[in-house]
Amino acid sequence: MTIPDSGFLMENGVSCLPCTPEEEKKIVTDLRNESERNLKEGNLYFVISTRWFRRWERYVGIDANENLIGNQSSGSRHMNGASSLVAERPGPIDNSDIVENGSDCSCKENDIQIRRMLMEGQDYVLVPQGVWEKLHEWYKGGPALPRKMILQGVYHRNFDVEVYPLCLKLIDSRDESQSIIWLSRKASLTELFQKVCALRGIEQDKARIWDYFNKRKHAQLFASNKSLEESNLQMDQDILLEQVDGRHSSRFGMDSTGNELALVSLEPSRSPLTIAGGPSLSNGHSSGYKSNLYPGSSLSSGLTDMDDGFDAYNAVRKGEKGGLAGLQNLGNTCFMNSALQCLVHTPPLVEYFLKDYSDEINTENPLGMHGELALAFGELLRKLWSSGRTAIAPRVFKGKLARFAPQFSGYNQHDSQELLAFLLDGLHEDLNRVKQKPYIEMKDSDGRPDEEVAVECWKNHKARNDSVIVDVCQGQYKSTLVCPVCSKISITFDPFMYLSLPLPSTITRTMTVTVFYGDGSGLPMPYTVSVLKNGFCKDLLLALGTACCLKSDESLVLAEVYENKIYRYLETPLEPLISIKDDEHIVAFRFQKKGMGKTKLVIFHRWHEKSTTDYLKSGIELFGNPLITYLGEDQPSGADIETAVCKVLSPFKRVYSSAKAHVGKENGFLSDGLDEQCSNSEAQSVENAELEGTSSTDLSLLLLLTDDKFMNLKAFKKDTLFESGKTLRFVLDWTDKEQELYDASFLKDIPEVHKAGFAAKKTRQEAISLSSCLDAFLMEEPLGPDDMWYCPRCKEHRQAIKKLDLWMLPEIIVFHLKRFTYGRYLKNKIDTFVNFPIHNLDLSKYVMNKDGQSYVYELYAISNHYGGLGGGHYTAYAKLIDENRWYHFDDSRVSPVNEPDIRTSAAYLLFYKRVRTKSKVEAGETSNSHSIS
């Protein structure tokens with residue numbers, strides 16, 4: 001339903017502007033703020049196409065470009081010509097690009113559904129009902145796409161707008177017809193019954209509805225207040241309607257499974273804790289819970305569901321190979337499947353969850369999930385390690401996930417690393433052996449030896465956190481913070497469960513700065529250096545100094561040039577580099593420290609207009625980069641000024657073959673006899689700079705004194721005296737003589753700090769190593785401006801310098817390659833190939849605690865991400881240790897893969913297990929260890 005842009009015409013064809021752009025902006029802002037203050041379940045929100053909404057934002061003066069695409073705009077001073085342009089008023093609201101059958105005008109509004117796989121911010125925005133009503137009143141259009149706000153989670157409750165309601169495919173067994181039903185996943189089974197019966201014209205007491213997932217009867221659904229989500233119903237799954245007619249139902253009654261005895265209730269029949277012992281693995285365990293888990297019995301717990309695609313009694317059997325079952329995609333759950341396959345192929349966890357772990361389940365931990373997450377994970381792992389390759393649908397596990405981590409509910413794509421972080425933390429809390437956590441007051445390091453502080457911190461951590469996850473997955477790093485003002489040092493030792501490694505290109509930026517010689521000893525030269533994104537101007541100066549071979553008796557002065565003027569000096573060493581945008585022009589002036597005298601001279605350039613007789617009143621049309629030099633005289637004269645200007649201009653002098661140009665050229669640069677041209681006689685003979693009728697006190701250059709606002713221009717003579725210790729600003733008028741003598745091109749076309757797209761293409765082709773990512777992680781860097789540290793000595797928040805060091809490494813180490821960068825609306829992925837070792841990853845050199853142990857690791861699993869954000873896909877590689885063979889897990893599909901083929905640019909999470917050596921001597925003799933250096 002493409003809607004034509006009507007400009008200012010409203011529905012009746014009359015030109016009408018209900019409000020000014022400013023009024024529209026204020027009304028919408030007030031309505032949004034009011035909605036935020038009154039969040040409650042059931043509130044209506046409307047989905048609007050981002051494409052249309054951004055046009056409206058531009059119209060009302062919201063800088064949407066900066067928000068949407070992360071434009072590194074330099075602020076209002078850069079919007080010279082564009083600021084006067086007024087964005088056009090958008091046409092009617094047009095949601096045709098985000099709905100199914102967008103160009104089909106015959107669709108009823110209730111039947112219109114939003115296209116799948118859209119991302120909030122990128123494809124659509126959500127606005128409260130009041131905002132929609134106002135926008136629709138002003139602009140008309142549509143279609144309206146209302147969505148309700150729901151409350152999610154059990155322990156961590158949060159509001160969410162259900163953009164994609166649950167889609168169920170209803171199969172009517174009476175005529176085998178199929179219908180589509182859309183309901184909120186928070187709707188009750190009673191509401192489902194009402195909708196089905198109304199749609200199919202059947203009385204509720206004669207209707208029987210089955211959970212018909214994968215075309216197989218799993219459980220009969222009964223009208224109740226139980227939600228569809230709690231009933232584990234999934235997006236796009238089938239439900240079966242049967243009519244109960246006397247003594248029997250339709251032929252579908254026994255069709256799918258062969259007998260109804262296989263049906264297992266979704267409701268727990270007794271305490272779910274009994275499953276932790278596992279079939280034939282309980283070893284006679286008795287803990288007060290009733291258990292009938294004898295070999296061949298069915299697990300009648302709340303976590304057992306025939307939807308998983310295998311019979312519960314086919315549990316792990318001796319001598320049979322397991323671990324090759326896939327996980328069915330339940331609607332954008334590839335992120336979950338990928339992370340789960342990596343975890344269930346982690347050898348220590350497999351060993352733990354296949355044994356009896358019921359004694360370790362902590363149902364009292366307020367930070368945990370009453371053991372339910374651990375039980376759900378343990379049961380899923382057992383099913384995946386049962387014999388056979390039948391794919392399992394992890395519906396029960398997904399249901400638990402939605403309850404305890406509502407951020408992963410629904411049917412949007414999520415991040416496998418975020419899920420992994422939640423699972424590791426949740427499993428730890430559910431299996432925490434500490435039932436009552438003691439209060440422990442943390443002590444400051446106070447100069448004590450690192451070994452003493454580290455042992456103390458780990459002991460305190462273990463006193464409150466003790467689980468199989470801590471035993472296997474947690475290490476310890478040393479964190480050092482240094483205050484940039486008072487140099488206060490704070491050292492802490494903290495636990496970690498994974499290491500999020502930045503790709504070097506994500507923590508650094510390349511900056512191009514043009515260096516000018518303040519004493520006129522050389523031509524300007526652009527230098528491109530790499531600095532930390534969160535660094536300071538002192539870091540840029542240090543990098544520039546190295547690049548341009550700055551001598552110890554020299555210094556650099558940074559400045560931003562805008563509209564051919566010095567806009568600002570970057571003189572504060574701790575000025576954050578984020579204040580310098582990519583499209584700005586930054587220059588540095590190079591001076592001898594002893595030459596930085598009392599008076600600063602700033603020279604601006606202007607083309608001299610021949611037709612203008614009164615050059616003092618002509619407009620200031622500047623060009624080129626200003627030049628800066630210093631004067632050492634106490635009371636500089638006009639002659640001193642002219643001499644200094646001639647000297648700083650000398651590198652730009654053209655080299656002629658004629659006898660007129662007596663100044664030689666050596667190695668492409670002008671020779672040192674430059675002061676010669678600045679004497680009155682030589683300047684007049686070479687440059688012919690004397691004006692007709694002028695006296696000997698007049699200048700050979702057309703220099704004019706000006707103020708900081710360029711409001712006034714004043715001529716002066718050679719004998720004019722100036723007050724020292726101030727900044728003097730002069731405009732140099734470039735006549736034909738100056739243009740003939742000097743090459744002004746060196747002053748023009750100063751490069752931007754960073755030209756987008758140029759360096760990016762180059763780095764994309766370059767592979768980086770895992771070691772370079774680890775080096776970047778351990779690099780000393782300043783905290784971001786949004787992550788300030790409170791200095792106890794200064795009593796203020798400071799942008800401290802942070803340094804991380806690895807102190808103790810765990811049995812299992814997970815590296816998270818930070819491929820995704822996030823802005824408010826911009827989400828970007830870095831596809832750079834990271835070269836990582838598969839065998840013999842030696843991390844010993846990174847461990848500060850020299851305890852004599854070997855820290856050699858071997859890769860056993862990878863979580864991969866292909867494609868872009870939102871529309872991407874996750875898979876996993878995992879190694880069956882006993883087989884010494886790698887497999888590719890792509891949702892329900894499992895296939896063998898050659899080891900060399902597992903290294904790809906899609907690698908996102910790397911799982912390594914420690915290789916235990918028999919002795920320290922043996923570890924030292926390992927010659928083929930892959931030390932990442």
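Helices here are DSSP runs of H or I at least four residues long, and strands are E runs of at least two, numbered from the N terminus. With that in hand, load the chain, keeping in mind that this is a predicted model.

**Whole chain**

Start with a cartoon view: you should get 21 helices and 42 strands. Half the chain is tucked away, with buried residues making up 50% of the 933 residues. Switch on a surface and you're looking at about 43,600 Å² of accessible area, 49% of it from carbon and sulfur atoms. Of the contacts between residues at least 6 apart in sequence, 73% join residues at least 24 apart.

**Colour by confidence**

Now colour by pLDDT. The chain averages 77, and 75% of its residues reach 70 or more. Which elements sit at the two ends of the scale, lowest and highest? Select residues 680-687 for the low end: that's helix H17, with a mean of 36. Then select 907-914, strand S41, where confidence is highest, at 96.

Two other stretches deserve a look before you trust any detail in them. Over residues 64-85, pLDDT stays under 50, and the model has 37 contacts beyond four places in sequence for them. Residues 247-307 also stay under 50, with 128 such contacts in the model.

**Helix H4 and its cover**

Select 129-139, which is helix H4, and show side chains for Val131, Trp132, Leu135, Trp138 and Tyr139: these are buried. Why do they fall on the same side of H4? Look down the axis: they cover an arc of only 135° around it, so they share one side of the helix.

Next, bring in what covers them. That includes helix H1 (21-37), strand S1 (44-49), helix H2 (50-60), strand S2 (93-94), strand S3 (124-128) and strand S4.

Step just past the end of H4 to Lys140, where phi is positive, near 60°. Carry on to the bond between Gly142 and Pro143, which is a cis peptide with omega at about 0°. Pro143 itself is in the loop between strand S4 (141-142) and strand S5 (146-152). In general, most peptide bonds are trans, and most residues other than glycine have a negative phi.

**Strand S1, paired on two sides**

Go back to S1, one of the elements covering H4. Five of its six residues are buried. S1 runs antiparallel to S5, joined by three bridges, and antiparallel to S3, joined by five. Centre on Tyr45 to see both pairings: Arg147 stands opposite in S5, while Pro128 is the bridge partner in S3.

**Strand S7 and its two partners**

Select 166-172 for strand S7, where six of seven residues are buried. Add strand S8 (177-183), and you'll see an antiparallel pairing over seven bridges, with Leu166 opposite Leu183. This hairpin has four residues between its strands, and Glu176 takes a positive phi near 60°.

Now add strand S11 (237-243). Does S11 run parallel or antiparallel to S7? Parallel, with five bridges joining the two strands. Use Lys169 as your marker: its bridge partner in S11 is Asp238.

**The nonpolar cores**

Time for the interior. The largest nonpolar core has 61 residues, and those with the most contacts inside it are Phe353, Phe377, Phe397, Leu401, Phe422 and Leu423. Zoom in on Phe353 and expand the selection by contact. Leaving aside neighbours within four places in sequence, Phe353 touches Ala374, Phe377, Gly378, Leu381, Arg382, Leu427 and Leu431.

A second core, separate from that one, has 44 residues; Ala559, Phe591, Val602 and Phe623 are among them.

**Two more backbone stops**

Finish with two residues that have positive phi without being glycine. Cys549 has phi near 55°, and lies in the loop between helix H14 (537-547) and strand S17 (554-562). Is Cys549 buried or exposed? Exposed, at 57% relative accessibility.

Then jump to Asn884, with phi at about 55°. Look for Asn884 in the loop between strand S38 (873-880) and strand S39 (885-890). Asn884 counts as exposed because its relative accessible area is 54%, and the cut-off for exposed is over 50%.

Conventions. Residues numbered from 1 in each chain as written. Predicted model: local features only at pLDDT ≥ 70, side-chain atom pairs only at ≥ 80, totals over all residues. Heavy atoms only, no water. Buried < 20%, exposed > 50% of the residue type's maximum accessible area, 1.4 Å probe, protein only. Contact = heavy atoms within 4.5 Å. Areas by Shrake-Rupley, 256 points an atom, 1.4 Å probe, with all protein chains shown as cover. Arc of directions from axis to C-beta. Core = buried A, V, L, I, M, F, W, Y, C linked by side-chain atoms within 4.5 Å. pLDDT = per-residue confidence, 0-100. Pairing = 2+ DSSP bridges.
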